[in-house]
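Reader: Please pick one part of this chain and go through it closely. I would like to know what it pairs with and what its residues touch, with the terms spelled out as you go.

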Amino acid sequence: MEEVKLEFFNPTVPMDFQYNYRVGPCIQKLLDGFAEKKIYGSKCPSCGKVVVPPRTICGACNAKMEGFVEVAQEGTLRSFTVGHFYLEKGQLKKAESPYVLGLVELDGVDSLFLARISGVEPSGVKEGMRVKAVWKDQVQGDYADLDHFRPA
Ligand SMILES: [Zn+2]
């Protein structure tokens with residue numbers, strides 16, 4: 001097989017600035033849950049679908065969603081991709097080793113949750129495999145608290 005040499009356009013885009021971002025009550029609940037190593041979603045009172053992250057309007061039937069439900073921390077990997085590059089401050093950089101991003105269907109949840117998949121070689125990752133959440137030791141109510149999913 002002929003080796004393909006990839007060339008990239010590497011624009012320099014300085015992105016060093018801080019801003020405050022109001023996440024809204026649904027994402028705030030998700031992050032508050034992360035601070036307790038819990039995952040919250042919302043359940044539609046009309047059609048019964050459960051979605052993570054929580055949201056205010058059901059994407060399936062447009063009903064108003066009220067309240068939050070804690071959901072399972074295990075699920076099924078429905079799709080994934082293997083990354084070899086990443087963006088850092090506008091620069092495309094080669095990853096030290098390939099990494100996996102997956103769409104996880106948590107048990108009892110009707111939506112897919114994007115997360116890093118680890119604890120298994122990329123070549124060993126399969127659609128349909130069971131995975132479970134792995135939290136950072138120190139959680140603080142941040143997206144990064146839920147570090148990755150690993151095989152269950
Ligand atoms: Zn609904």
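Author: Two strands count as paired if DSSP finds at least two bridges between them. Strands (E, at least two residues) and helices (H or I, at least four residues) are DSSP runs, numbered from the N terminus. This is a predicted model: local features need pLDDT of at least 70, side-chain atom pairs count only at pLDDT 80 or more, and totals for chains, interfaces and linings use all residues. Residues are numbered from 1 along each chain as its sequence is written.

The part chosen is strand 4, residues 74–88. It belongs to a chain with one helix and eight strands, in which the helix precedes the strands along the sequence. The C-alpha trace of this chain spans about 55 × 40 × 35 Å along its principal axes.

Strand 4 has a partner in strand 5 (residues 91–106), to which it is joined by twelve bridges in the antiparallel sense. Within this pair, Thr 81 lies opposite Leu 101 of strand 5. The two strands form a hairpin with two residues between them. In that turn, Lys 89 has a positive phi of about 50 degrees.

Strand 4 also pairs with strand 7 (residues 130–135), again antiparallel, over three bridges. Here Gly 75 has Val 131 of strand 7 as its bridge partner.

Phe 85 is another residue of strand 4. Is Phe 85 buried or exposed? A residue is buried if 20 or more other C-beta atoms, placed from the backbone, lie within 10 Å of its own, exposed if 12 or fewer, and partly exposed in between. Phe 85 is exposed, because 12 other C-beta atoms lie within 10 Å. In the chain as a whole, buried residues make up 20% of the 152 residues.

Leaving aside residues up to four places away in sequence, Phe 85 touches Leu 92, Lys 93, Lys 94 and Ala 95; a contact means that two C-beta atoms, placed from the backbone, lie within 7 Å. Leu 92, Lys 93, Lys 94 and Ala 95 fall within strand 5, residues 91–106. Gly 67, by contrast, is 18 residues from Phe 85 along the chain, and the C-alpha atoms of the two are separated by 39 Å. Over the whole chain, 52% of the contacts with a separation of 6 or more are between residues 24 or more positions apart.
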